[in-house]
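Colleague: Before I set up any calculations, could you take me through this chain and explain how each answer is reached?

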Amino acid sequence: MSSLEERFKKLTTVSSTPLPPQLEGKVTRMVGLTMEAVGCVVALGDRCLVQVRKNRWVESEVVGFTGDLTYLMPTEAIEGISPGARVRPLLEESMMPIGDELLGRVVNGLGKPLDGKGPIKAKDSVGLHGDVINPLQRKPISEPLDVGIKAINCLLTVGKGQRLGLFAGSGVGKSILLGMMTRFTEADITIVGLIGERGREVKEFIEQILGEEGLARSVVVASPADDSALMRLRAAMLTTRIAEYYRDQGKSVLLLMDSLTRYAQAQREIALSVGEPPATKGYPPSVFSKLPQLVERAGNGRDGSGSITAFYTVLTEGDDQQDPIADASRAILDGHIVLSRRLAEEGHYPAIDVEASVSRAMPNIVTEAHLQGAMRVKQLYSKFQQNQDLISVGAYVRGADADLDQAITQMPEIRDFLQQSLTESYTIDQSLEALVAAMTKGQ
């Protein structure tokens with residue numbers, strides 16, 4: 001065969017190879033936050049690009065379908081969209097570059113930098129969805145974690161791999177307490193998710209709470225309140241996925257998410273937009289299935305891997321501890337720290353209500369003497385609170401109740417022990433020493 005014939009045969013083979021067609025759909029209707037499109041061959045969770053005016057393309061996600069109609073939710077504002085706008089499916093999964101190069105960076109829910117430091121160049125990349133770990137393969141919680149706050153270290157001891165919620169109404173100090181734990185907790189890497197909070201707080205948290213030293217070993221995922229519901233949802237998932245990556249590298253990871261309530265509200269917006277019926281106080285059923293799917297991804301990994309100790313803030317609207325999201329979160333977390341508005345108004349910070357708070361992992365990670373001491377403090381504190389009105393009006397006579405007598409005597413020291421300034425840090429040993437000093441003083 002001549003060289004000309006060989007070249008002709010190669011060209012014929014190449015030209016006869018069919019190229020995959022690029023199928024596009026079009027937008028037929030938009031109501032509220034949701035676009036309806038036809039002609040798209042896509043599955044639930046797939047990504048699409050939607051063309052808006054001036055030839056700009058906006059990323060969207062498939063959030064539902066009915067017959068031939070596909071429901072799309074955009075990741076950003078889409079002013080200028082018109083009927084018949086082109087919809088182009090994206091076949092590849094959304095990937096996020098990840099590695100040590102990500103430390104010290106601030107990104108949005110799509111993994112794009114917000115800090116003006118240029119693109120993130122990393123060898124590894126991950127998608128939004130990590131592997132589900134068999135619960136029987138997870139390491140048990142067996143080691144305490146020092147969070148630097150003596151009230152928590154002693155009375156609500158946290159274990160590595162535990163997941164706790166910070167429950168409070170607005171303006172009671174959730175973000176401040178979260179910031180203290182960010183600075184003081186002993187962890188290899190800190191992953192912070194600022195979901196649906198005020199945009200002003202993002203910069204303040206990074207500059208004033210984390211600082212340069214804290215940011216150097218942290219990754220911040222920020223999606224403020226003016227972001228779309230889908231962007232806020234993705235930011236929470238990306239925050240968890242980044243923490244999973246570092247856990248699989250054998251790191252001890254501290255995951256802080258502010259707030260879990262905004263994540264639930266974002267899912268509510270999406271679910272109601274596609275027609276899911278509201279169930280409990282306006283929350284559709286999918287919200288209560290999404291919460292455990294997110295929270296269960298944190299915790300200890302398999303043997304040989306690291307751990308994710310997670311703190312989620314939960315906004316209790318109107319200080320109602322029976323709020324649907326607060327109640328659902330309390331059931332799936334490994335403990336809850338309740339902040340009291342009454343204590344905050346009295347200038348008691350951190351305003352931790354030790355009566356209403358509990359760490360479910362504490363009995364398995366502290367000594368018997370530590371556990372008994374913590375229980376005794378909570379008993380005296382509760383005894384005093386139950387009889388405070390009688391004590392205030394002078395109706396209680398000393399000697400009638402030995403426990404109450406001790407509570408009255410030691411309450412000033414106990415209250416002083418429970419308070420801590422924003423710049424103070426206590427190790428677990430220092431916290432226990434302060435507890436012993438508070439319990440022996442005045443006896």
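Modeller: What follows is a set of questions and answers on this predicted model.

Colleague: How many helices and strands are there in the chain, and what does the C-alpha trace span along its principal axes?

Modeller: The chain contains 13 helices and 19 strands. Taken along the principal axes, its C-alpha trace spans about 110 × 50 × 40 Å.

Colleague: What percentage of the contacts in the chain with a separation of 6 or more comes from residues 24 or more positions apart?

Modeller: As background, buried residues make up 51% of the 443 residues in the chain, and the area that the chain exposes is about 21000 Å², of which carbon and sulfur atoms supply 52%. Among the contacts with a separation of 6 or more, the share that belongs to residues 24 or more positions apart is 71%.

Colleague: How far apart are the mean positions of the positive and negative charges of the chain?

Modeller: The chain carries 48 positive and 56 negative charges. When each set is reduced to its mean position, the distance between the two is 5 Å.

Colleague: Which helix gives the most to the largest nonpolar core?

Modeller: The largest nonpolar core has 59 residues, and those with the most contacts inside it are I152, L155, M181 and F311. The element that gives the most to this core does so with seven residues, and it is helix 12 (residues 402–418).

Colleague: Which residues does L155 contact, once its neighbours within four places in sequence are left aside?

Modeller: L155 is one of the residues with the most contacts inside the largest nonpolar core. With its neighbours within four places in sequence set aside, the residues in contact with L155 are V354, M362, A374, V377, F417 and L418.

Colleague: How many residues are in the other core that lies apart from the largest one?

Modeller: This other core lies apart from the largest one, and among its members are M96, L230, L260 and A310. Its number of residues is 49.

Colleague: Which elements do the buried residues of helix 8 pack against?

Modeller: Helix 8 covers residues 324–332, and its buried residues are P324, I325, A326, S329 and R330. At the start of the helix, a side-chain oxygen of D323 comes to within 3.1 Å of the backbone nitrogen of I325. The elements that the buried residues of helix 8 pack against are strand 12 (163–168), helix 6 (260–273), helix 7 (285–295), strand 17 (307–315) and strand 18 (335–338).

Colleague: Why does S431 count as buried?

Modeller: S431 is found in helix 13 (residues 428–440), and, leaving aside neighbours within four places in sequence, it is in contact with K150, N153, C154, F417 and Y426. Buried means under 20% relative accessible area. S431 therefore counts as buried, because its relative accessibility is 0%.

Colleague: What lies 2.6 Å from a polar atom of the side chain of S218?

Modeller: S218 lies in strand 14 (residues 218–223) and counts as buried at 1% relative accessibility. Apart from neighbours within four places in sequence, S218 contacts L102, L103, G104, R105, T190 and L210. The atom 2.6 Å from a polar atom of the side chain of S218 is the backbone oxygen of G214.

Colleague: Is E345 buried or exposed?

Modeller: E345 is found in helix 9, and its C-alpha atom is separated by 8.5 Å from that of V172, 173 residues apart along the chain. The cut-off for exposed is over 50% relative accessible area. With a relative accessibility of 65%, E345 therefore counts as exposed.

Colleague: How far apart in space are Q249 and S307, C-alpha to C-alpha?

Modeller: Q249 has its place in the loop between helix 5 (229–248) and strand 15 (252–258), and it is partly exposed, with a relative accessible area of 47%. Q249 and S307 are 58 residues apart in sequence, while their C-alpha to C-alpha distance in space is 9.7 Å.

Colleague: What is omega for the cis peptide bond that joins D258 and S259, and for the one from Y349 to P350?

Modeller: Most peptide bonds are trans. S259 is found in the loop between strand 15 and helix 6, and P350 has its place in the loop between helix 9 (341–345) and strand 19 (358–359). For the cis bond joining D258 and S259, omega is about 15°, and for the cis bond from Y349 to P350, omega is near -10°.

Terms used. Residues numbered from 1 in each chain as written. Predicted model: local features only at pLDDT ≥ 70, side-chain atom pairs only at ≥ 80, totals over all residues. Heavy atoms only, no water. Helix = DSSP H or I, 4+ residues; strand = E, 2+ residues; numbered from the N terminus. Buried < 20%, exposed > 50% of the residue type's maximum accessible area, 1.4 Å probe, protein only. Contact = heavy atoms within 4.5 Å. Areas by Shrake-Rupley, 256 points an atom, 1.4 Å probe, with all protein chains shown as cover. Lys, Arg positive; Asp, Glu negative; His and termini not counted. Charge placed at Lys NZ, Arg CZ, Asp CG, Glu CD. Polar contact = N/O pair within 3.5 Å; in protein donor to acceptor, adjacent residues only side chain to side chain. Core = buried A, V, L, I, M, F, W, Y, C linked by side-chain atoms within 4.5 Å.
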